[in-house]
Amino acid sequence: MFDQVKKVQKELDKAIVTTTTELETFRIKFISKKSLITGLFKLFKTVPSDQKKAFGEALNELKKEANRKFQFLAAHLEASTAFSSESPDVLLPSIPFQIGGLHPINIVKNRMIEIFERQGFNVSEGPEMEDDWHNFTALNFPENHPAREMQDTYFLEKYPDKLLRTHTSTVQIRLMEHGKPPFRSIMPGRVYRNEAISARAHCFFHQVEGLYIDRNVGFKDLKNSIYHFSREFFGKETEIRFRPSYFPFTEPSAEVDISCFICKKKGCKICKNSGWVEIGGSGMVDPNVLKNCGIDSKEFSGFAFGMGIERIAMLKYEIDDIRLFSENDVRFLRQFNGL
Ligand code: DAH
């Protein structure tokens, strides 16, 4: 009888537990109702009465010890598995954390805003879904102007007429309709055109529009604004040049070129050996446009300009395919991190 107690005692001493399954086996063997120890208690009635007391004490001691060992093993196992599998090893080198960056279009847009804000311009925005009045009619487009035709514009609805704006000049109109001069605003935003997608053209892109309306604003003020912008954005030695052009909403109108900042006018691939690259359109706001917005053109005058953000970014960073801006290839986008 006492031998059996000793035997179980030995087994209890030897028992090792390293996994939760082994812990459960331990529990069944030494603690549960079907355990070896419970089995020994059942022998109690066969023990001679003069030995019952000693046998009982030995069994109770064995039972207590089994419980103590079980508690100890369970706590130990929990601590070691918590370390090995559930919580990271704090001494391992950390996994590098990838931080996102600004999209190049936003980098260029923010930089343009920053430069024009220092010239006293504020920022205005307008809707991407527009109507014929804001996109064409108020901007003095003749009734049968080719830009109104299907190949350029995404028309959404006929009655009431809805379209995706083809340029940010729409925001000039919204600004002048709803306020009183003077205005000095730049208007960044996305525009849409029904164009075949290629390395040079896309069906959506971004523009920054500029408008300055006040008393006595002249062409010299337009040149001044563009000159300072170009020097700040492209570098101190940048020269500017205005080429006569035509836009329905400006008179006179001009295309703006800057001296090629890559070859310094010596001639290269970017400027197609001309020494100059185009950055946008501009002009003095046509009196008809002012009239359409309820502004007296005898008292107020002003200039406007429009530049493509993709175009400016492509020049600045020597990017040769406009599609890269909208393809979300992180290998392309990552190159602008930290700029
Ligand atoms: N809206 C013109 C375009 O999308 C760009 C432009 C040209 C805007 C001359 C102007 C401007 O404000 O004066 O091609």
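The shell around the ligand is a mix: four nonpolar residues, nine polar ones and two charged ones. Keep in mind as you look around that this is a predicted model. Of the 15 residues that surround the ligand, the ones that come nearest are His 167, Ser 169, Arg 193, Gln 207 and Glu 209.

Let's zoom in on a few of these. His 167 has an N or O atom in its side chain that sits 3.0 Å from a nitrogen atom of the ligand. Arg 193 puts a polar side-chain atom 2.9 Å from an oxygen atom of the ligand. Gln 207 also has a polar side-chain atom 2.9 Å from a ligand oxygen. How much of the ligand does the protein bury? Taken alone, the ligand exposes 360 Å², and the protein buries 88% of that.

Which elements supply at least two residues each of the shell? They are helix 7 (169–178), strand 6 (204–214), strand 9 (276–285) and strand 10 (301–308). Three of those names, strands 6, 9 and 10, turn up again in the next stop on the tour.

That stop is an open sheet of seven strands. Read across it and you get the order 1-5-6-10-9-8-7, with mixed pairing. At the edges are strand 1 (122–123) and strand 7 (240–247), each of which pairs on one side only. Helix 5, covering residues 104–118, packs on this sheet and touches strand 1, strand 5 (183–192), strand 6 and strand 10. The direction of helix 5 makes about 165 degrees with that of strand 5.

Now look inside the sheet. Strand 6 and strand 10 run antiparallel and are joined by eight bridges. Here you can find Val 208 standing opposite Met 307 in strand 10. In a regular strand, side chains alternate between the two faces of the sheet.

Over at strand 7, the partner is strand 8 (residues 250–259): the two run antiparallel, with seven bridges joining them. A hairpin makes the connection from strand 7 to strand 8, through two residues. In this pair, Phe 242 stands opposite Val 256 in strand 8.

There's a second open sheet to visit, with three strands in the order 2-4-3 and antiparallel pairing. Strand 2 (129–130) and strand 3 are the edge strands here, each pairing on one side only. Strand 3 pairs with strand 4 (residues 162–164) in the antiparallel sense, over two bridges. Glu 157 is the residue that stands opposite Lys 162 in strand 4.

Finally, a few backbone oddities. Most residues other than glycine have a negative phi, and most peptide bonds are trans. With that in mind, check the bond that joins Pro 181 and Pro 182: this peptide bond is cis, with omega at about 10 degrees. Pro 182 has its place in the loop between helix 7 and strand 5. Another cis peptide bond runs from Glu 251 to Pro 252, where omega is near 0 degrees. Pro 252 lies in strand 8, the strand that the hairpin joins to strand 7. And where does Asn 140 lie? Asn 140 is in the loop between helix 6 (132–135) and strand 3 (155–157), and its phi is near 70 degrees, a positive value in a residue other than glycine.

Methods
Residues are numbered from 1 along each chain as its sequence is written. This is a predicted model: local features need pLDDT of at least 70, side-chain atom pairs count only at pLDDT 80 or more; totals for chains, interfaces and linings use all residues. Side-chain values use heavy atoms; hydrogens and water are left out. A residue is near a molecule or strand if one of its heavy atoms lies within 4 Å of it. A polar contact is a pair of N or O atoms within 3.5 Å; within protein, one must be able to donate a hydrogen and the other to accept it, and residues adjacent in sequence count only if both atoms are side-chain atoms. Accessible areas come from the Shrake-Rupley method with a 1.4 Å probe; for residues, only the protein chains shown count as cover. Helices (H or I, at least four residues) and strands (E, at least two) are DSSP runs, numbered from the N terminus. Ala, Val, Leu, Ile, Met, Phe, Trp, Tyr, Cys and Pro count as nonpolar, Asp, Glu, Lys and Arg as charged, and the others, Gly among them, as polar. Two strands pair if DSSP finds at least two bridges between them. Contact means heavy atoms within 4.5 Å. Axes are lines fitted to C-alpha atoms, for helices over the stretch in contact, and angles run from 0 to 180 degrees between N-to-C directions.
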